[in-house]
Amino acid sequence: MQGLNRDTIIAIFLLIVCGVFFYNTIGIKAFPEQMSPALWPRLILSVLTVLVLIYLFQSIMAANPVKVSHGGFKGWLRHYQNPIWCFLCFFIFLLLMPYLGMLISGVLFVFVLMTILGERSPRSIAINLASAIFMVGGMWLLFTQALGVILPTSMFTYAF
């Protein structure tokens with residue numbers, strides 16, 4: 001077993017954050033004869049805490065942490081290109097949402113990100129487009145029609 005490495009420190013920090021968030025759910029006011037509004041945050045935090053505990057256990061048991069040499073700025077960019085693409089696409093998604101609405105900008109975001117990170121054959125592009133339309137459209141329908149949540153609209157989807 002090795003001393004504290006970066007992953008162990010991050011896992012401990014995440015456990016503290018989960019604990020603080022869980023403690024804050026105690027102050028959520030519950031009403032009689034209703035499901036407590038703190039139930040879902042507590043459930044999600046419980047699952048997140050279990051996952052962080054697994055992460056902590058794995059980080060402690062790691063015998064030899066891998067030291068990566070990226071080879072300068074170009075090597076660093078090549079190593080972190082997928083997360084950079086994700087953040088860049090999400091930033092553009094947030095910029096487009098007020099103009100295109102949640103539905104259209106969400107479909108574009110999922111399609112573009114899947115295409116950038118995945119295979120770029122005509123068949124894969126068609127599957128990416130169908131997946132984006134089906135998944136984002138389904139979530140949009142669930143939230144707007146079934147749950148009555150008001151999501152950002154555009155001039156193309158204002159009637160829905």
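Let me begin with I26, which is exposed, with a relative accessible area of 56%, and I should say at once that what we are looking at is a predicted model. Since the cut-off for calling a residue exposed is over 50%, I26 is placed in that class because its relative accessible area is 56%. As for where I26 sits, it is found in the loop that runs between α1, residues 6-24, and α2, residues 39-61. If you follow the chain from I26 to S36, which is 10 residues along, the C-alpha atoms of the two are separated by 11 Å.

Stepping back to the chain as a whole, the secondary structure comes to 5 helices and 0 strands, so that, read from the N terminus on, the order of elements is simply α-α-α-α-α. How does the radius of gyration of the protein chain stand against that of a compact globule of 160 residues? For such a globule one would expect a value near 15 Å, whereas the protein chain has 21 Å. Taken along the principal axes, the box that the C-alpha atoms fill is roughly 60 × 55 × 25 Å.

Turning to burial and contacts, buried residues account for 21% of the 160 residues in the protein chain, and the area that the chain exposes is about 12100 Å², of which carbon and sulfur atoms supply 74%. If we take the contacts between residues at least 6 apart in sequence, 56% of them join residues at least 24 apart.

Which residues, then, make up the largest nonpolar core? There are 6 of them, namely L103, V107, A132, V136, W140 and L151. Both α4 and α5, the latter covering residues 122-146, supply at least two residues each to this core, and the largest share, 3 residues, comes from α5. One core member, L151, is in contact with M102, W140, F143 and T144, once its neighbours within four places in sequence are left aside.

Finally, I would like to draw your attention to the surface, where W85, L88, F91, I92, L95, L96, L108 and L117 form a nonpolar patch with about 700 Å² of accessible area together. Let me take F91 as an example from that patch: it lies in helix α4, which spans residues 81-117. Is F91 buried, exposed or partly exposed? With a relative accessible area of 48%, F91 counts as partly exposed, because that class covers what falls between the buried limit of 20% and the exposed limit of 50%.

Notes:
Residues are numbered from 1 along each chain as its sequence is written. This is a predicted model: local features need pLDDT of at least 70, side-chain atom pairs count only at pLDDT 80 or more; totals for chains, interfaces and linings use all residues. Side-chain values use heavy atoms; hydrogens and water are left out. Patches are made of residues with over 30% relative accessible area and no salt bridge: like charges are joined within 9 Å, nonpolar side chains (Val, Leu, Ile, Met, Phe, Trp, Tyr) within 5 Å. Accessible areas come from the Shrake-Rupley method with a 1.4 Å probe; for residues, only the protein chains shown count as cover. A salt bridge is a side-chain nitrogen of Lys or Arg within 4 Å of a carboxyl oxygen of Asp or Glu. Helices (H or I, at least four residues) and strands (E, at least two) are DSSP runs, numbered from the N terminus. Buried means under 20% relative accessible area, exposed over 50%, partly exposed in between (1.4 Å probe, protein chains only). A nonpolar core is a set of buried Ala, Val, Leu, Ile, Met, Phe, Trp, Tyr and Cys residues joined through side-chain atoms within 4.5 Å. Contact means heavy atoms within 4.5 Å. The radius of gyration is taken over C-alpha atoms; the globule rule is 2.2 Å times the number of residues to the power 0.38.
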